[in-house]
Every structure is written in C-alpha cells, then in structure tokens.
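Student: I'd like to learn how to read a structure like this one. Could you walk me through it?

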Protein chains: 2
Amino acid sequence: MTKRRPTALHEKDGVSPPETTSQKAAKNIKVNRGKIPSVDDFVTHILKGDITFLSRAITLIESTNVKHQEKANKILEQCLPFAHNAIRIGITGVPGVGKSTFIEAFGKHLTQKGKKVAVLAVDPSSSINKGSVLGDKTRMEELVTDKNAFIRPSPSGTSLGGVAQKTKESIILCEAAGFDTIIIETVGVGQSETAVHSMVDFFLLLKLFGAGDELQGIKRGIIEMADAIVINKADGENVKKAKIAKTEFNRALHLYPPKESGWQPKVLIASALQNTGIDKIHDLIQEYIALAQESGYFDKKRNDQNTHWLISTINQQLKDAFFQNKKIEKPLEEEIKKLKSGTTTPFLSAKKLMNLKDE
Amino acid sequence: MTKRRPTALHEKDGVSPPETTSQKAAKNIKVNRGKIPSVDDFVTHILKGDITFLSRAITLIESTNVKHQEKANKILEQCLPFAHNAIRIGITGVPGVGKSTFIEAFGKHLTQKGKKVAVLAVDPSSSINKGSVLGDKTRMEELVTDKNAFIRPSPSGTSLGGVAQKTKESIILCEAAGFDTIIIETVGVGQSETAVHSMVDFFLLLKLFGAGDELQGIKRGIIEMADAIVINKADGENVKKAKIAKTEFNRALHLYPPKESGWQPKVLIASALQNTGIDKIHDLIQEYIALAQESGYFDKKRNDQNTHWLISTINQQLKDAFFQNKKIEKPLEEEIKKLKSGTTTPFLSAKKLMNLKDE
C-alpha cells in the first residue's frame, strides 16, 4: 500500500506515463546494450580505429566478471601484433599544478600536428574521485570533442596493482586502434607514479614555482624518475619566478647520478593556460625518443618494463594467495603483536607462518 | 704411489715430522672445536658479554647447516628479552670515502665515552670481498683491539635478503651481550642501503666534497634515506671545499619533503683521519634519538621495521618457492621470449605461469 502525501508530485497518480519511446524501441536498446559483440567483431572494429568498440573493450578489461575478462584477454591477444607503435608519455603532478589544462594544451598541440592521442589515467583513488583530472572530463572541454583524441578516466579499484594492470592493457588496445601517442596521467600523491613510470617511455613531472617548499607533497623519489620537469603557470608576473625555480631545479637535478639512458633530465617552463612552452616540451620529448631509439635504450626499457610487470604480477598474486588465506589471518595478527612486545623476531614469525600455510 | 721429484722439498722424505704438539693435545683441540655448546651455555655466556660465545653464536646464525640454524633460533629466542636496548646506526658511503677510518674514529669516540660498540656489516658481495671495510679488519687496527668493541665482517651469501637477515639476527645477540651501540656498515653501491636503512634507528651517509658529480656512484634515493650527511676528509686545504659542499648539500636537502620523523637531515663536516668533527656527529645522533624517543617515533619506526621484515621475509620465501620451482623454469624463459617479440602481455604470461604452478 502506498502512503499518499498531499504534494504536487502525486497529482498525476493513476495516469499512465506518456509513451515517449515505443515499447519496441526501448526493448531493442536494452537487448543491444546487453549483447557483447564477438571477439572477432571487437578486433576488426578496434583495428579500424572505432572508438565505440575500443571503449567497450576497455570496459571488458575493467570488468570484474570472469567471462568479460576472458573475452578481454582474447581481444588483447589478437590486438597485440598491432600494438607497440605508440610513444607512451607519463604525466604527474600534485593537485592544483594544472594537469588537466596542461594535458588539454599538450594534447591539442599533438592532434594539430596530426597525431592521434589517447589519454588514460592511473588513479587508485578514482572510485571516490579525489581530484582525478580525468574523472571530470569537462575540464578538458576541447580535447574531449577532438576526433583524434580519446580520453578515458582511470579504472576504478582500490589496489594500485589492479588499476595499473587494467591501464597497461588498455594501452595495447589504444595502440591497436591507431593511437600513436598515449598519455598516462597520474596524481602525484601516492605510489602510482612508480607504476606509471614502469609503463611509459618518457616521464614528465609538472611543478609550480614557489620558494623552498616546492617539493612539498611530492613523493620522495619522483624527481629522480622524471625525464623532464615542466614548471607550469609561468605566465604574466610569474615568468620571473618560474625562471628562478627552473635554475633551482636544474641545480638539484645535477646532484643526481646520470640515468641509465644517459639522458640528462631537463627543466622547462610553460603556461598551459596561455599555450606557451608547449611546443618546446614536444620537441624535447621527440629529441629524447630519437636518442633512446638510436642507442637501443628505448627497446631495452620496454623489455625491462614487460619483464618487471610479469614478475611483479606473479609476486602480487603469490602474496595475495598467502595473506588472503584464512588460515593465516589470525596467526599473523598474533605474530605482529609478539613482534611489538619483542618476544619474537621477524624471521622466527615468518617461519612459523610459512609452516602454517603448508600444513 | 707418490711420484718423487728431485727438489729440496723432499729431502726429508721418510723422516717423521717433529712432535711440536702432543698427539693428545691436538686431539683435544679438534674435539672441542667440533663440539658446539648447549643453548643454555650460549645464552648464559652471551648475557655475560662473552665475546667468544657471541662470535660462535653468530657463526651458527650464518651457518647453512639446518641443525646449526635450529640451535641459533633457540639462542635467539632466549636472548630476545635482553635485546632492543641499543642504538642502531647505519653508515654507508662509496668505496674511497673513508668508511673504515671513520668507523674507527667514531667507534673509539664512543668507547672512550664508556659505550660498548658492535660493528657489523651488510655486504652481499663479501664472499668475494669487493672492498668491504670489515672484510679487512686490519684497517681498523685500534678498534679491533679495543675490549669494548666487537667487529664482525659481513656474513657471506649472494642474496641480499639472506645476508640482511643474518645481520639483523646478529644485532639481537650483540644487544643481549650488552653492546649499547650497534654500527651497521654497508657499501654504497647496491641495494644494501635500503636493507640497512630498514634495520637502524639512524642512517648516516658519508660523502666527499667535489664539484658537480659528488653523487656519482651513489644509488638513487640514498640521499633521501639519510638522517645526516657527513662530508669526510675535511682536513687541511680541503676544509674550504668541504664547507662549500656542505652548503650545496644543505640546499639540496631542503628540496626534499620533510621526513615522517619530523627530523630535518643535517650536513656535517669531519676528518676521521684527524679526528675532528666526530664529537659533533655523536651529539647530533643523540639529539635525534632524544627527539625521536620523546615523540614516540623511535618505537613506531622499530615496530614498522619489524613488520616490514616479517612481510618481506614471507614475500621472499613465496617468490623463492615459485621461481625455484623446476616446473616454472623453462616456461618462464619462453614467456619472457614471447614478451620480447610482443606476442604476449605480462598479465597473460603471469596467468599462464600461475596456472602451471597449481597443476
């Protein structure tokens, strides 16, 4: 029994809703929405650059449904021979640094040069959308309507490993769909930079000028991962300050040992808002790629990255199987308590727990 | 049949060797050398500060013999309640920075203040003795004869994890034996700093002055781990250069975010050779310890370290069990080949290998 309340919302009680769509059309839409194309259909359309199919295939990758994942794996396998032809660029920076504006300006610069740009994200917190750029596509108004750009927010998930895996697989599909530049965005507040660094060819750190504490909030070690630092918002009266920051960062960078690539990271200044300095960043990346390809470092890095992902995926699965084992849960808690009270060593505890697993 | 050769070395063939020791005494020595004291004997003597027993117990820890390890574990368990009362200091720096001279000067400063100092090392390459300070004890001539000092070279082993575990267990025994300052030395050329950093309260990086390339050879990230940087060899004409380096390092350190401890790492200059600046380093460490103990960070860090070692030991053992599994060896090689040729993804390969394990 419905309790009736005297509000205007119930004025039409008993009146059937208007038929804005025919019953048949509505059913048709529902059926098609539920029907997943075949693997061959997916592959054919992705290879033709069909964004709708690309998007749906990525949804399969991101799905937690086992059947979806199996299908995604088959699509991936068939797309693999057509992937690996893009340049992968990682972009990070703390919230407020202007990542969305920068990616929009940089992405448009690329599409104007005839490039096809896919923008993906790795943001393990994206399920609750803590300031993820791509969670709010409206921030990239122009790029989102550019037919040579494809923007996809971070897959959701609480585990960085899971989010990163999905993004890495999405790269393959974007490449197979003909995107020649893949931008991977990540928020500069967690461990996600390391994950992104392990899947890109070039890693770019966005910074703001500011005295002394300009590295606040940036995870230790990120500076060392950067192939370039771009000091953003260098416009108007800020240009002078940005130039000072550039000098300081250059000095700091020289304190680091040379990178395995032989590349000396550069500091550039730019204003994404005023679209200045963007071309120089693109030139720099091209310079790096040319050098790395010539020296063979480019391929070496990709091979190393793949082996890294293989090993770390296995390690993660081994850990998950152990620590999610219900036989382990309670004893582990007890051992950690004993460690705190100083009545065991980490190694004695580990031995005990490993024995439990095999019992 | 012995083949005789006409050399002077064989002039005494047929003549029995002189009895420099009685047969009985020789036998006695051999028997005792082979006989391992009981666990109770070990513990009683270690708690009394008996260096010989401490040393032999560490040898048991380092042994690959399972029975020795079981005995070592029992000794450890009984010594545990008497451990944890020392300050643990990690010292690193590239070969040539003067680590041995520094540790000698610093160790002597401590024993003169009435401290009991144990010096251990973590050097995974020590089996072939690549410039390990403690591999060559003669470099610390004075400290080695100091009755309040105990010096022990790095356990041998090719795996860093194994070497680190042994050293971490040796710390427990040294503490139970009454050593109140434990110095852990490591060579600044590999990943061993991270391991040492995870077992000490204070981490000290030794550096030389020098323009521009002073960080050459130091692993990325070590600067960030340091609670203090000491610029060594600041004597004679070098004092001025050392002071310039100090300013530069201070500036670089300010670019890093604050540490969890709230401690701002300091840069000091010293000359271990001329014994200058050593007292200030000791003062600084004491200042740090007092602050960390007051804030509760000291205990928190130790708890975190222990949990870290527990988890990482388990992870290591899980990995070892997987990658040393003969069923995995060949297929792993094949998958890595396929990765190189771009015909699989790390995740498809991982899935395949994980399935193999469970077959």
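Tutor: We'll go through the contact between the chains, then the sheets, then the salt bridges. Keep in mind that this is a predicted model.

Student: Let's start with the contact. How many residues does each chain bring to it?

Tutor: Chain A puts in 54 residues, and chain B puts in 55 residues.

Student: And how do people put a size on something like that?

Tutor: The size of an interface is often given as the accessible area lost when the parts come together. Here, about 5200 Å² is buried between chain B and chain A, and carbon and sulfur atoms give 69% of that area.

Student: How many salt bridges are there across the interface of chain B and chain A?

Tutor: The rule finds zero salt bridges across the interface of chain B and chain A. Residue pairs in polar contact between the two chains also come to zero, counting pairs with both residues at pLDDT 80 or more.

Student: Which helices of chain B supply the side that touches chain A?

Tutor: In chain B, α4 (66-79), α7 (160-176), α10 (238-254), α12 (297-323), α13 (326-340) and α14 (346-358) each supply at least two residues of that side. The one that gives the most is α12(B), with 14 residues. Sorted by kind, the residues on the side of chain B that touches chain A are 24 nonpolar, 18 polar and 13 charged.

Student: Now the sheets. In what order do the strands of chain B lie?

Tutor: Read across the open sheet of seven strands in chain B and you get β3-β2-β4-β1-β5-β6-β7, with parallel pairing. At the edges sit β3 (149-151) and β7 (266-269) of chain B, each pairing on one side only. From one strand to the next, the twist averages 20°.

Student: Can we zoom in on one pair of strands?

Tutor: Sure. In chain B, β2 (residues 117-122) and β4 (residues 181-187) run parallel and are joined by six bridges. One residue to look for is B:Val119, whose bridge partner in β4(B) is B:Ile183.

Student: Which strands of chain B does α10(B) touch?

Tutor: As α10(B) packs on the sheet, it touches β5 (202-207), β6 (228-231) and β7 of chain B, and its direction makes about 170° with that of β7(B). Helix α11 (residues 278-295) of chain B packs on the sheet too, touching β1 (87-93), β5, β6 and β7 of chain B. The direction of α11 in chain B makes about 150° with that of β5(B).

Student: What is the strand order in chain A?

Tutor: Chain A has an open sheet of seven strands in the order β3-β2-β4-β1-β5-β6-β7, with parallel pairing. Its edge strands are β3 (149-151) and β7 (266-269) of chain A. For a pair to follow, take β1 (residues 87-93) and β5 (residues 202-207) of chain A, which pair in the parallel sense over four bridges. There, A:Thr92 stands opposite A:Leu205 in β5(A).

Student: Last topic: how many salt bridges are there over all chains?

Tutor: The whole structure has 18 salt bridges over all chains. In one of them, the side chains of A:Lys352 and A:Glu335 meet at 3.2 Å, N to O.

Student: Why does that pair tie together parts that are 17 residues apart in sequence?

Tutor: Because A:Lys352 lies in helix α14 (residues 346-358) of chain A, while A:Glu335 lies in helix α13 (residues 326-340) of chain A.

Terms used
Residues are numbered from 1 along each chain as its sequence is written. Chains are lettered from A and ligands numbered from 1 in the order in which they are written. This is a predicted model: local features need pLDDT of at least 70, side-chain atom pairs count only at pLDDT 80 or more; totals for chains, interfaces and linings use all residues. Side-chain values use heavy atoms; hydrogens and water are left out. Contact means heavy atoms within 4.5 Å. Buried area is the accessible area (1.4 Å probe) that two parts lose on being put together, summed over both. A salt bridge is a side-chain nitrogen of Lys or Arg within 4 Å of a carboxyl oxygen of Asp or Glu. A polar contact is a pair of N or O atoms within 3.5 Å; within protein, one must be able to donate a hydrogen and the other to accept it, and residues adjacent in sequence count only if both atoms are side-chain atoms. Ala, Val, Leu, Ile, Met, Phe, Trp, Tyr, Cys and Pro count as nonpolar, Asp, Glu, Lys and Arg as charged, and the others, Gly among them, as polar. Two strands pair if DSSP finds at least two bridges between them. Axes are lines fitted to C-alpha atoms, for helices over the stretch in contact, and angles run from 0 to 180 degrees between N-to-C directions.
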